[in-house]
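Grab a pencil and work through these exercises with the model open beside you. Try each task yourself before you read its solution.

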Amino acid sequence: MITNITARHCEISDELRERAATVLGRFSPLVNRAVEGAVVFDVAAGMSTAEIRLTGGGVAFVATGEEKDHRTALDRAEDKIRRQLDKTVQMRRGRSAKGAA
């Protein structure tokens, strides 16, 4: 999976870049044929934002977290995208189970 970590209008630490890469690594097994994962950090109106984008299998998942610091914003975005991926995984399992019966 291609991984991009970008900071717009701000500087981020190497530790935060590593954390973002770890977060993307956790999600790659959940995405069917994961192609690209991106995390974009930004600052607007005094609030830090983190956006996670995952693409694979013809589907794109996007989640944004907004908080006073980038690490917490990344955690919020991680929670949001995890919910999206869990729903997709459950739907795939539900379809296969119905077809098998």
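**Exercise 1. How many helices and strands does the secondary structure of the protein come to?**

Before you start, note that this is a predicted model, where local features need pLDDT of at least 70, side-chain atom pairs count only at pLDDT 80 or more, and totals for chains, interfaces and linings use all residues. Residues are numbered from 1 along each chain as its sequence is written, and side-chain values use heavy atoms, with hydrogens and water left out.

Step 1: Find the elements, which are DSSP runs numbered from the N terminus (helices are H or I with at least four residues, strands are E with at least two). You should get 2 helices and 4 strands.

Step 2: Put them in sequence order, and the pattern reads β-α-β-β-β-α.

Step 3: Look at the whole thing. Along the principal axes, the C-alpha atoms fill a box of roughly 55 × 25 × 20 Å.

**Exercise 2. Check the length of helix H1, then work out which of its residues are buried.**

Step 1: H1 covers residues 14-27, which is 14 residues. The expected span is 1.5 Å times one less than the number of residues. That makes 20 Å, and the end C-alpha atoms are 20 Å apart, so the two agree.

Step 2: Sort by relative accessible area: buried is under 20%, exposed is over 50%, and partly exposed is in between (1.4 Å probe, protein chains only). In H1 the buried residues are Leu16, Arg19, Ala20, Val23, Leu24 and Phe27.

Step 3: These buried residues cover an arc of only 135 degrees around the axis, so they sit on the same side of H1. The arc is taken from the directions from the helix axis to the C-beta atoms. Here's the background: an α-helix has 3.6 residues a turn, so residues three or four places apart point the same way.

Step 4: Now flip to the face turned away from the buried side, where you meet the exposed residues Asp14, Glu15 and Glu18. Ala21 is in H1 too, and it counts as partly exposed because its relative accessibility is 35%.

**Exercise 3. Find the residues with a positive phi in the loops and in the hairpin of S3 and S4.**

Step 1: Know what to expect. Most residues other than glycine have a negative phi.

Step 2: His9 isn't a glycine, yet its phi is positive, about 60 degrees. His9 lies in the loop between strand S1 (2-8) and H1, and it counts as exposed because its relative accessibility is 69%.

Step 3: Ala45, another residue other than glycine, has a positive phi near 55 degrees. You'll find Ala45 in the loop between strand S2 (34-44) and S3, and at 85% relative accessibility it counts as exposed.

Step 4: Strands S3 (residues 47-56) and S4 pair in the antiparallel sense over 9 bridges; to count as a pair, two strands need at least two DSSP bridges between them. Gly56 has Val59 in S4 as its bridge partner. The hairpin has 2 residues between the strands, and Gly57 takes a positive phi near 65 degrees there.

**Exercise 4. Which element gives the most to the lining of the largest pocket?**

Step 1: Strand S4 (59-67) and helix H2 (70-100) each supply at least two lining residues.

Step 2: H2 gives the most, with 4 residues.
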